[in-house]
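User: Could you take me through one part of this model in detail? I would like the cut-offs along with the description, please.

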Amino acid sequence: AGEIDLSNATAVEDQVTSGLDGATAVAVDLAGLSYLDSAGLALLARLAGRLAGLAGALRLVVPRDAVVSRTVSISGLSAAIPVDETVEAALAALDRT
């Protein structure tokens, strides 16, 4: 379990973007998160925008029973970024893009 909040969002974003290594189709698994605040939501929105600018795609993995499921839903993020229940489903969807 982990958290993405104001205290670590910049470091997480730096790690994610440096780990992209040219990838333009990315699935981010949020199943293990115990907390996601507005800084984390903004990070995901920026990542989606960055990938879209490269003609890529971002998908979030958020099982229904995940702690952050409600946060992703009520924030409207799930309307902007496709959400899948499993990593396998996200990867399959990215393969079709």
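Analyst: Happy to; here is a close look at one helix and the sheet beside it. This is a predicted model, where local features need pLDDT of at least 70, side-chain atom pairs count only at pLDDT 80 or more, and totals for chains, interfaces and linings use all residues. Residues are numbered from 1 along each chain as its sequence is written, and side-chain values use heavy atoms, with hydrogens and water left out.

Let's start with helix α5, residues 87–95, where Ala90, Ala93 and Leu94 are buried (under 20% relative accessible area, with exposed over 50% and partly exposed in between; 1.4 Å probe, protein chains only). Helices (H or I, at least four residues) and strands (E, at least two) are DSSP runs, numbered from the N terminus. Glu88 and Asp95 are exposed, on the face of α5 turned away from its buried side. The cover over the buried residues of α5 includes β2 (25–29), β4 (57–61) and β5 (83–84).

Those strands form an open sheet of 3 in the order β2-β4-β5, with parallel pairing (two strands pair if DSSP finds at least two bridges between them). β2 and β5 are the edge strands, each pairing on one side only. Between β2 and β4 there are 5 bridges, and Ala25 sits opposite Ala57 of β4.

Now to Asp84, in strand β5. Asp84 is buried, at 10% relative accessible area. Its side chain makes a polar contact of 2.6 Å with that of Arg59 (a pair of N or O atoms within 3.5 Å; within protein, one must be able to donate a hydrogen and the other to accept it, and residues adjacent in sequence count only if both atoms are side-chain atoms). Setting aside neighbours within four places in sequence, the contacts of Asp84 (heavy atoms within 4.5 Å) include Leu60, Ala89 and Ala90.
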